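Visitor: Please give me a close look at one part only, the aromatic and charged side chains and their partners. What do they touch, and where do they sit?

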Amino acid sequence: MGSAPRKGFSKSDQGLSLIELVVALALFALVAVMGTQGLTGMLRLRDDMTVRSEASVELARAMSLLRTDLSGAVPMPFFSPDGGPIRSALTEEAQGFSLSIGGQPVLRPEMQPQPVLHRVEWRFQPNSGLFLRRKWATLTPLNAAALGPDVIILDGVKEIRLRSYWGEFGWVNGLRLPIAAVTEPGALDADGGPIATTAYSSDLPDGVEITLVTEAHGEIIILEALK
């Protein structure tokens, strides 16, 4: 004869069977994995948004600083220290450009009379992809001590292209007038080419176009009127 169930206990009070326990643990593990994957995805999304935000802030700062320098351009040459060459108000360098600027705000105007004239150099390093800026404290420095350090303004730059607009000549590549515009009519050198009458100029173009090709933001065009 089988033993009768104990008094006061129903079938539902006898606990979980082994199969039910295994199924419960499997469901719990599945929920835990799904939760972990969701959390990981959210963390990755947060990190990606942080990187994008920092890159956007860096780009906005670079464009603002570049536009501020261009808007402050003045038609004054730069006298290199230690008897170096006189450089035009706006000069295209091997990898970048430099320009004379004025009227920029200073932190303590009572310590420095206005207007403040500086020379700013923007330089592009193709090997590192860095777009750098440095500044001379004056347009007539006595020595190299007046030159400030390089400051990284933007990274991930692949290429820089420069154009300028000159009245009747229109848009030209680079930041200088065509050679014929700065020579005496009919003046030729030994090879039959035109002879430049000036080594530098205080003239500024009507406008400039600077194109930066970047890895993160693609092609960026800065167009600024100088007159």
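Guide: Start with burial: buried is under 20% relative accessible area, exposed is over 50%, and partly exposed lies in between (1.4 Å probe, protein chains only). The model is predicted, so to speak, with conditions: local features need pLDDT of at least 70, side-chain atom pairs need 80 or more, and totals for chains, interfaces and linings use all residues. Numbering runs from 1 along each chain as its sequence is written, and side-chain values use heavy atoms, without hydrogens or water.

Take the rings. The whole structure yields three aromatic pairs (Phe, Tyr or six-membered Trp rings with centres within 6.5 Å; planes under 30 degrees apart are stacked, over 60 edge-to-face, the rest tilted). One of them joins Phe 78 and Trp 136. Their planes meet at 50° with the centres 5.3 Å apart, so this pair is tilted. The partners are distant in the chain, 58 residues apart. Phe 78 belongs to strand S1 (residues 78-79), Trp 136 to strand S6 (residues 130-136); helices (H or I, at least four residues) and strands (E, at least two) are DSSP runs, numbered from the N terminus. Phe 78 is buried, at 0% relative accessible area. Trp 136 is buried at 7%.

Another pair is formed by Trp 122 and Phe 131. It is tilted as well, with 5.2 Å from centre to centre and 40° between planes. Trp 122 is buried at 0% relative accessibility. Phe 131 is buried at 1%.

Trp 122 leads to a charge. Its side chain makes a polar contact with the side chain of Asp 69, at 3.0 Å. Such a contact is an N or O pair within 3.5 Å; within protein, one atom must be able to donate a hydrogen and the other to accept it, and sequence neighbours count only if both atoms are side-chain atoms. Asp 69 is in helix H1 (residues 18-71). With a relative accessible area of 2%, Asp 69 is buried.

Asp 69 also has a salt-bridge partner. Its side chain meets that of Arg 133, N to O, at 2.8 Å; a salt bridge puts a Lys or Arg side-chain nitrogen within 4 Å of an Asp or Glu carboxyl oxygen. Arg 133 is in strand S6 and Asp 69 in helix H1, so the bridge ties together parts 64 residues apart in sequence. Arg 133 is buried, like Asp 69.

Nine salt bridges occur in the structure. Two of them involve Glu 121. Its bridge to Arg 87 has the closest N and O atoms 3.3 Å apart. That pair spans 34 residues, from Glu 121 in strand S5 to Arg 87 in strand S2 (residues 86-87). Glu 121 is buried at 6% relative accessible area. Arg 87 is buried at 17%. The bridge from Glu 121 to Arg 134 has its closest N and O atoms 2.6 Å apart. Here the link runs from strand S5 to strand S6, across 13 residues. Arg 134 is partly exposed, at 22%. Shared partners join Arg 87, Glu 93, Glu 121 and Arg 134 into one salt-bridge network.

Finish with Arg 119. It lies in strand S5 (residues 117-125). At 0% relative accessible area, Arg 119 is buried. Its side chain reaches the backbone oxygen of Ser 88 at 2.8 Å. It also makes a polar contact with the side chain of Ser 100, at 2.8 Å. The C-alpha atoms of Arg 119 and Asp 69 are separated by 9.7 Å, with the two positions 50 residues apart along the chain.
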